[in-house]
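Visitor: Hello! Could you show me around this protein and answer a few beginner's questions along the way?

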Amino acid sequence: MLYDPAAFEPLTDESWDEQRVRAAIRAIVADADAAYDPDELWPADDQDVWWTPVPLTDVYAGSAGVVWGLDVLQRSGHAEPATDLAAAAARSVEVWRAAPGSTEEIELPSTPHASLFFGEAGILLVACKLGPQPELADALLAHVRENVANEFEELMWGSPGTMLAARAMHEWTGEERWAEAWRESAEALLARRGDDGLWTQHLYGKAQRLLGPAHGAVGNVRALLQAESEWSESLQRETAELLAREAIVEDGLVNWPATAGGPLAPASGSGIRLQWCHGAPGIVTTAAPYLDEELLLAGAELTWQAGAHPAEKGAGLCHGTAGNGFTFLKVFERTGDERWLERARRFAVHALAQVERGPGRYSLFAGDLGAALFAAACLDADARFPVLDGWD
């Protein structure tokens, strides 16, 4: 069995209506505006707190991610937030520095504050985007450089994440120091890659060899492929071969385990994952440019047949309906087959309906803003996945 049908729900029968989708995006933005407090930022969902201080300020589930998502929707013409986004970004830096949001309940890497998703690095990057200041840029560069040898070896905490930050800053500023910092991290990350195309993630106190975008090989490869380099062609070919070896195929459909060589349903009891962070949706979405086309289509078809994640998982990007929906936009981008764009839009309608049932969840990767960005991407037929595929 490639997935657990009981963990999914049938897609809504509601058809795609462009005007209704646009109105739903504006409603998510209006709700975020209404929930915003200039001092306390946004309320946190209990599922996102992770024993960390509130208000949350990080990119993954906190205010920096909300600010960035609202800014994207504004710049793309999909909404007009009333929130002063530059002020909210600056306040996020202040709050973080007053009470850094690191938990002691789980084993963190040696440089937790340098994390793009959970540390100060991502908050600084959003602040630099909204209100550039030399001091913020210098602090961010220091985090990029201290993260070069981060032992987690993955996107959310490790050097692949801060490589995304360095690349964005180089594109925005043109300053060579960012390109140098990116190259330093890239060369070190490549040097630690095994002959089999995998890295060992020393993640939360456990050594693992993971495949997916959030914590594994395809996320690392995505960071390494941001810039054209002498290793780009071989890295794509070898990673495609790795994913072909690790694919579990049944009846023309495919899924991937979280851990290389492992079962789809690990002994930990976490169940079979079919979501962006682990499983076919994340593999297809992140490796779409180079993944074998037969596997690409088989993974997307499995995601379609499974249906939507239920309310417990939510509408968001990391493990929710919107994250799975990006699978179809990526396949549409590669194949040009309009059927995949139609499927993406069905998922967007479902995700927006989940948001409407509430309550509001103010989070980029686990909440409503991710669903709004996905719906906007479906309107624009834009397959770029938030953060991994750029910050503009």
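Guide: Let us start at aspartate 13, which sits in the segment before α1 (18-35). Please keep in mind that this is a predicted model.

Visitor: Is aspartate 13 buried or exposed?
Guide: A residue counts as exposed when its relative accessible area is over 50%. Aspartate 13 has a relative accessible area of 76%, so this residue is exposed.

Visitor: How far apart in space are aspartate 13 and glutamate 107?
Guide: Along the sequence, aspartate 13 and glutamate 107 are 94 residues apart. Going from C-alpha to C-alpha, their separation in space is 44 Å.

Visitor: How many helices and strands does the protein chain have?
Guide: Some of these elements will come up again on our tour. The secondary structure of the protein chain comes to 15 helices and 4 strands.

Visitor: Which radius of gyration does the protein chain have, and what would a compact globule have?
Guide: The C-alpha trace spans about 55 × 50 × 40 Å along its principal axes. For 392 residues, a compact globule would have a radius of gyration near 21 Å. The value for the protein chain agrees with that, and it is 19 Å.

Visitor: What percentage of the residues in the protein chain is buried?
Guide: Buried means under 20% relative accessible area. Of the 392 residues in the protein chain, the buried ones make up 60%.

Visitor: What share of the exposed area do carbon and sulfur atoms supply?
Guide: The protein chain exposes about 14,900 Å². Of this area, carbon and sulfur atoms supply 48%.

Visitor: How far apart are the mean positions of the positive and negative charges?
Guide: The protein chain carries 29 positive and 60 negative charges. Taking the mean position of each group, the two points are apart by 3 Å.

Visitor: Which helices are included in what covers the buried residues of α5?
Guide: Helix α5 covers residues 120-130 and is mostly covered, with 9 of its 11 residues buried. Among them are Ile123, Leu124, Leu125 and Val126. What covers these buried residues includes α3 (63-75), α4 (85-98), α6 (134-146) and α7 (159-173).

Visitor: Is cysteine 128 in that helix buried or exposed?
Guide: The cut-off for buried is under 20% relative accessible area. Cysteine 128 has 5% relative accessibility, so this residue counts as buried.

Visitor: How many disulfides does the model have?
Guide: A disulfide needs two cysteine sulfur atoms within 2.5 Å. By this rule, the count of disulfides is 0.

Visitor: Which cysteine has the sulfur nearest to cysteine 378?
Guide: Cysteine 378 is in no disulfide. The nearest cysteine sulfur is 18 Å away, and it belongs to cysteine 318.

Visitor: Which residues does threonine 327 touch, leaving out those up to four places away in sequence?
Guide: Threonine 327 is placed in helix α13 (residues 321-335). With 0% relative accessibility, threonine 327 counts as buried. The residues it touches are Pro281, Val284, Thr285, Ala300 and Thr303.

Visitor: Which residues are joined by cis peptide bonds?
Guide: Most peptide bonds are trans. One cis bond has an omega of about 5° and leads to proline 55, in the loop between α2 (46-49) and α3. Another has an omega of about -5° and leads to proline 359, in the loop between α14 (338-357) and α15 (368-380). The joined residues are valine 54 and proline 55, and glycine 358 and proline 359.

Visitor: What is the phi of tyrosine 204?
Guide: Most residues other than glycine have a negative phi. Tyrosine 204 lies in the loop between β1 (201-203) and β2 (206-208), and is partly exposed with a relative accessible area of 28%. Its phi is positive although tyrosine 204 is not a glycine, at about 55°.

Visitor: Is valine 387 buried or exposed?
Guide: Valine 387 lies in the segment after α15. Phi of valine 387 is positive too, near 75°. With a relative accessible area of 0%, valine 387 is buried.

Visitor: Which residues does glycine 262 touch, not counting those up to four places away in sequence?
Guide: Glycine 262 lies in the loop between β4 (253-255) and α11 (280-287). The C-alpha atoms of glycine 262 and proline 160 are separated by 24 Å. The residues that glycine 262 touches are Ile248 and Pro257.

Technical notes
Residues are numbered from 1 along each chain as its sequence is written. This is a predicted model: local features need pLDDT of at least 70, side-chain atom pairs count only at pLDDT 80 or more; totals for chains, interfaces and linings use all residues. Side-chain values use heavy atoms; hydrogens and water are left out. Buried means under 20% relative accessible area, exposed over 50%, partly exposed in between (1.4 Å probe, protein chains only). Helices (H or I, at least four residues) and strands (E, at least two) are DSSP runs, numbered from the N terminus. The radius of gyration is taken over C-alpha atoms; the globule rule is 2.2 Å times the number of residues to the power 0.38. Accessible areas come from the Shrake-Rupley method with a 1.4 Å probe; for residues, only the protein chains shown count as cover. Lys and Arg count as positive and Asp and Glu as negative; His and the chain ends are not counted. The place of a charge is taken as NZ of Lys, CZ of Arg, CG of Asp or CD of Glu. Contact means heavy atoms within 4.5 Å.
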